[in-house]
Amino acid sequence: MTEHQGIESGELSDFRKGVADWIKHNTPADPGFLLPQTFMEVGSEQVLSFLREWQHKVWSSGYLGMAWPKEYGGGGMPRIFQQIADEEMKKARVPICFNVIGLGWAGPLIIDTGTDFEKETYLKGILSGEDIWCQGFSEPNHGSDLGSIQTRAERDDNEYIINGSKIWTTMGNYAKYMILLARTDSQAERRYNGLSFFLAPMDAKGITTSPIQKLTGDYGFTETFFDDVRIPASCLMGEEGHGWRIAMQTLQYERGAEAGAAGGVAILSTVMNDLLRIAKDVQRDGEPLMQDPVTRDNLVKFLIEEQALYLAENRVKIPALCADYPNSVALSTKLRGTEFFRRMRQYALTLQGASSALYVGDEDAVEGGFWQRAYMNNFSTTIGGGTSQIQANIIGEHVLGLPKD
Ligand SMILES: Cc1cc2nc3c(=O)[nH]c(=O)nc-3n(C[C@H](O)[C@H](O)[C@H](O)COP(=O)(O)OP(=O)(O)OC[C@H]3O[C@@H](n4cnc5c(N)ncnc54)[C@H](O)[C@@H]3O)c2cc1C
């Protein structure tokens, strides 16, 4: 049985036409400055306010949070409508809905496990774009090895006092709230049992952030320091010492288990048609590259892989086809999808020959340097939320039941 059984296909295709029409009349004009290709490159106030206005427009027009509960700002509709809206937005390459940590992981976590108070307090601001969320998991020496984090949260009456530092905090300098993993018990027998999970305010006294520049030249994440920061004890999510379980649930959303739950475009994706366009446009020895048999062979391999990914994504929508290994397709999509796009974008550069060395800002760069920037940006997705190696380990151990070694 599919999730949208009972909805007339005519209703869905009318809806799709409605979205396409809305996009046609509402997509903002080119602002004249470089927009981010992913939510991890929001690096200036100018970009932030443009994206905030856009996200607000998408939400207030009913195309974001469509499957979230109505009483908290969502649309209360079957998820298929959100999937269709997202497909149309991706196709039209509209700007991204930037508040991804809220939309993609903090929000679904609060909906699934939060108290009524937490739902009431946080959900609507995530959708409207008013309240930006960041994630305080990684620390300078603890990224993949998350269970060893050292940032401390000590209970003091009705407050917790936080000390330590986080790193790679996407939008840390703009966020109003952080999903924070901190150690409340350094003596716990198992290191995982000493961790707690907080929905922490970022305007608390003693929090400072320092932006970090990326390979692309853009900014987008920060180092985040906590110096005797006092937050209300009510910021604790769940029980003290249960943080690891909540963090793992959050990572499930981040790694794809709830992909697209809130909707919106998180990353400007490239599709095979974009690659084929380059192969037709770029000439070698007076002929379009598309005529070259080796190039054609490579392109066909990419096309097959893209189609397999697309079919796998559709399989997720049919629960009976995922009963053997629940979450397997969603989890493997992060690994296979991000690695596919990295290779595909790298190939786009190969096709450009010597021009592949020209970056954004060079007037001779192919398609304004879009591919060069997209290739470098792609490393973010193969590292953030768990590196490809870690993701492969998770699938091997937890989905396929392979031995740890
Ligand atoms: C663009 C971007 C945005 C990010 N945003 C955030 C954010 O908002 N909040 C946040 O908390 N974090 C964020 N991160 C951090 C991200 O989660 C970590 O970088 C990631 O988990 C890897 O940790 P690390 O950088 O410490 O690398 P390490 O853990 O030091 O890994 C280094 C290398 O060793 C490999 N490795 C490590 N352990 C194993 C193992 N057991 N088996 C096989 N290989 C292994 C890794 O795959 C990697 O190749 C972001 C990262 C990026 C790139």
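**Exercise 1. Domains**

Find the domains of this predicted model and describe how they touch.

*Solution.*
Step 1. Take the bounds. Domain 1 covers 1-268, and domain 2 covers 272-399.
Step 2. Take the centres over C-alpha atoms. Those of domain 1 and domain 2 are 25 Å apart.
Step 3. Count the contacts. Domain 1 puts 18 residues in contact with 22 residues of domain 2.
Step 4. Sort the domain 1 side by class. Where domain 1 touches domain 2, eight residues are nonpolar, six are polar and four are charged.

**Exercise 2. Overall build**

How many helices and strands does the protein have, and how does its radius of gyration stand against the globule rule?

*Solution.*
Step 1. Count the elements. The protein has eleven helices and ten strands.
Step 2. Compare the radius. The radius of gyration is 22 Å, and the globule rule gives 22 Å for 405 residues. The two are close, so the protein is as compact as a globular protein of that length.
Step 3. Draw the box. Along the principal axes, the C-alpha atoms fill roughly 75 × 50 × 50 Å.
Step 4. Check burial. Of the 405 residues, 39% are buried.
Step 5. Look at sequence separation. Take the contacts between residues at least 6 apart in sequence; 71% of them join residues at least 24 apart.

**Exercise 3. The ligand shell**

Where does the ligand lie with respect to the two domains, and which residues come nearest?

*Solution.*
Step 1. List the nearest residues. The ligand has 21 residues around it, and Phe137, Gly143, Ser144, Ser380 and Thr387 come nearest.
Step 2. Find the elements. Strands E1 (133-136) and E3 (159-170) each supply at least two shell residues, as do helices H10 (370-383) and H11 (388-399).
Step 3. Sort by class. The shell holds seven nonpolar residues, 13 polar ones and one charged.
Step 4. Place the ligand. Both domain 1 (1-268) and domain 2 (272-399) give residues to the shell, so the ligand lies between them.

**Exercise 4. Two positive phi angles**

Asp157 and Trp168 have positive phi. Is Asp157 buried or exposed? Is Trp168 buried or exposed?

*Solution.*
Step 1. Read the angles. Asp157 is not a glycine, yet its phi is near 60 degrees. Trp168, also not a glycine, has phi of about 60 degrees.
Step 2. Locate them. Asp157 sits in the loop between strand E2 (152-156) and E3. Trp168 belongs to strand E3.
Step 3. Apply the cut-offs. Exposed needs 12 or fewer other C-beta atoms within 10 Å, and buried needs 20 or more.
Step 4. Decide. Asp157 has 6 such atoms, so Asp157 is exposed. Trp168 has 22, so Trp168 is buried.

Note on methods:
Residues are numbered from 1 along each chain as its sequence is written. This is a predicted model: local features need pLDDT of at least 70, side-chain atom pairs count only at pLDDT 80 or more; totals for chains, interfaces and linings use all residues. Domain bounds come from an automatic or database domain assignment. Two residues are in contact if their C-beta atoms, placed from the backbone, lie within 7 Å. Ala, Val, Leu, Ile, Met, Phe, Trp, Tyr, Cys and Pro count as nonpolar, Asp, Glu, Lys and Arg as charged, and the others, Gly among them, as polar. Helices (H or I, at least four residues) and strands (E, at least two) are DSSP runs, numbered from the N terminus. The radius of gyration is taken over C-alpha atoms; the globule rule is 2.2 Å times the number of residues to the power 0.38. A residue is near a molecule or strand if its C-beta atom, placed from the backbone, lies within 6 Å of it.
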